[in-house]
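Me: Please take a close look at a single part of this model, the strand at the centre of your choice. Work outward from there to its partners and then to the whole chain.

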Amino acid sequence: MDQEGTGGGVALYVRQHLEYIKLCLGVEDEQVKSLWVRIKGSTSKSDTVVGICYRPPKQEDEVDEAFYKQLEVVSESQALVLMGDFKFPDIVWRSNRVKHKQPKQIPGKQ
């Protein structure tokens, strides 16, 4: 599976024996270079949402906001794996916060 666009982009390889569906989050999917899938869990395990994202070094604030909206939607999942190349020097990983015009907490973290 891949997400097309100009420059950059993302791809996610899923083993053939795994059952998955590509998710359309309904929140500005076309702005953000990301791909989200739900991988079906086994009988005793819940599904896992997997997201892959590419963030160019000088991405516009509006696109960052669109990504935050996507994170809010998927952070409701019990199992979430987020991977990517974020090139985002303003993330303060220790406190799960973003140095931004208005400090904001990364969705799903407290």
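**Strand 5 and its surroundings**

Reply: Strand 5 and strand 6 (residues 80-85) run parallel, paired over 6 bridges. Two strands count as paired if DSSP finds at least two bridges between them. Strands are DSSP runs of E with at least two residues; helices are runs of H or I with at least four; both are numbered from the N terminus. One bridge in this pair joins valine 49 to leucine 80 of strand 6.

This is a predicted model: local features need pLDDT of at least 70, side-chain atom pairs count only at pLDDT 80 or more, and totals for chains, interfaces and linings use all residues. Residues are numbered from 1 along each chain as its sequence is written, and side-chain values use heavy atoms, with hydrogens and water left out.

Strand 5 also pairs with strand 4 (residues 33-39). Here the sense is antiparallel, over 7 bridges. Lysine 33 sits opposite tyrosine 54 of strand 5.

Strand 5 spans residues 48-54, and 6 of its 7 residues are buried. Buried means under 20% relative accessible area, exposed over 50%, partly exposed in between, with a 1.4 Å probe and protein chains only. In a regular strand, side chains alternate between the two faces of the sheet. Across the chain, buried residues make up 31% of the 110 residues.

What links strand 5 to strand 6 in a right-handed unit? Helix 1 (residues 61-74) does, completing a β-α-β unit. Right-handed means that, with the strands pointing away from the viewer, the path from the first strand over the helix to the second runs clockwise.

Now the salt bridge: a side-chain nitrogen of Lys or Arg within 4 Å of a carboxyl oxygen of Asp or Glu. The whole structure has 1. Arginine 55 and aspartate 64 form it, with their closest N and O atoms 2.9 Å apart. Both residues are buried.

Step back to the chain. It holds 1 helix and 9 strands, in the order β-β-β-β-β-α-β-β-β-β. Take contacts (heavy atoms within 4.5 Å) between residues at least 6 apart in sequence: 54% join residues at least 24 apart.

Last, confidence. pLDDT is the predictor's confidence in each residue, from 0 to 100. The chain averages 79, and 80% of its residues reach 70 or more. Among its elements, strand 3 (residues 20-22) has the highest mean, 93, and strand 1 (residues 2-3) the lowest, 48. Where pLDDT is low, the predicted coordinates should not be read in detail.
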